[in-house]
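Colleague: Please show me the model, and let us ask how each term applied to it is justified.

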Amino acid sequence: MTIFLTNPEEGRDALQSLFDEAGRCIGFCGAGLSTESGIPDFRSPGSPWLSHAPINFADFMRSPTLRAEAWRRKFAIDDAAGSVMPNRGHLALAHLVESGRMDQIITQNIDGLQQKAGTHASKIIELHGNGTYATCLSCGLRHELADIRPKLEETGHAPVCDACGGPVKSATIAFGQSLPDAVLREAVVASRSCDLFFVIGSSLKVRPASSLPLIAKEHGARLVILNREETALDAQADLVIRSQIGPVMDVFRNDDVESFLEQKKIIPISAP
Ligand code: NAD
């Protein structure tokens, strides 16, 4: 039976007791986690991601023109988001991991804000990659956005790898591009072996990521979903908290937030 809560305070209490009872906990994040930092999610009204038909991976590989267009769109979205900082949700998750109450975070997000909030990269499984840098699709060499942008703006051409001449792409997974096997395997293993699977800010509509909560559930975990709207898996959850993320996640903030932020050199955005 699913318990539905809409009051953030009740949600906080329920979450706290589930965490108190849990052994191994996995967090599973979606684009909703970062909206309080000013990055739009994928499906909410006005999404910049849906203002153009997405360029799928096969087209990116086939067409230098579409490659350049994909890069122009990426920089336009980055510019619109501005210089983003972690919010209360990211900070609470960082504290949960640091204090040993959350074992790992599986994230669909590509914004790097969980690392910026202080969660060590080794604790984060980035299912859809990371948009804060780029890689060569032929030799795998890392490229920095700051080097790519001026060349794109000067020549209008998509970047190619300095080392091998291969196509360079933001280090994210495009539509039609497979997730790396090793990353998916690691996420499946984590999902199978937890006893609390905590979804934060995802519509749970993107496959194969959306199969992970069900894998956890099939292997005996409790499933908790924190999201301001209905999700595809609400009926399968043990607890659904339908609320903004920040006010609920405050329950897990470090008691000594100031020194935590100082230690991690984080300047948080103000609470909405
Ligand atoms: P989604 O847009 O499909 O779903 C986000 C959900 O979060 C929505 O149901 C929305 O109602 C909810 N939400 C938004 N802000 C919230 C808030 N403050 N509090 C509570 N709920 C909130 O996103 P998804 O499920 O992650 O899937 C979209 C795909 O797009 C993912 O693959 C992701 O890689 C990509 N994406 C990533 C980012 C990012 O890195 N920040 C941003 C946009 C899209």
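Colleague: What makes the pair formed by a backbone N or O atom of Gln 108 and an oxygen atom of the ligand a polar contact?

Modeller: This is a predicted model. The backbone N or O atom of Gln 108 lies 2.4 Å from an oxygen atom of the ligand. A polar contact is a pair of N or O atoms within 3.5 Å, so this pair qualifies.

Colleague: How do you know that the polar side-chain atom of Gln 244 makes a polar contact with a nitrogen atom of the ligand?

Modeller: The two atoms lie 3.2 Å apart. The cut-off is 3.5 Å, so this pair also counts. A polar backbone atom of Phe 42 is likewise 2.8 Å from an oxygen atom of the ligand. The protein covers 96% of the 850 Å² of accessible area that the ligand has on its own.

Colleague: Which residues surround the ligand most closely, and how is their shell made up by class?

Modeller: Of the 29 residues around the ligand, the closest are Arg 43, Gln 108, His 128, Ser 202 and Ser 203. The shell has 14 polar, 9 nonpolar and 6 charged residues.

Colleague: Why is the largest set of 24 residues called a nonpolar core?

Modeller: Its members are buried residues of the nonpolar kinds listed for a core, joined through side-chain atoms within 4.5 Å, and therefore the name applies. Phe 19, Leu 93, Met 102, Phe 198 and Met 249 touch the most other members. Among the elements giving two or more residues are helix H1 (8-21) and helix H4 (88-98). H4 gives the most, with 4 residues.

Conventions. Residues numbered from 1 in each chain as written. Predicted model: local features only at pLDDT ≥ 70, side-chain atom pairs only at ≥ 80, totals over all residues. Heavy atoms only, no water. Buried < 20%, exposed > 50% of the residue type's maximum accessible area, 1.4 Å probe, protein only. Near = heavy atom within 4 Å. Polar contact = N/O pair within 3.5 Å; in protein donor to acceptor, adjacent residues only side chain to side chain. Areas by Shrake-Rupley, 256 points an atom, 1.4 Å probe, with all protein chains shown as cover. Nonpolar A, V, L, I, M, F, W, Y, C, P; charged D, E, K, R; others polar.
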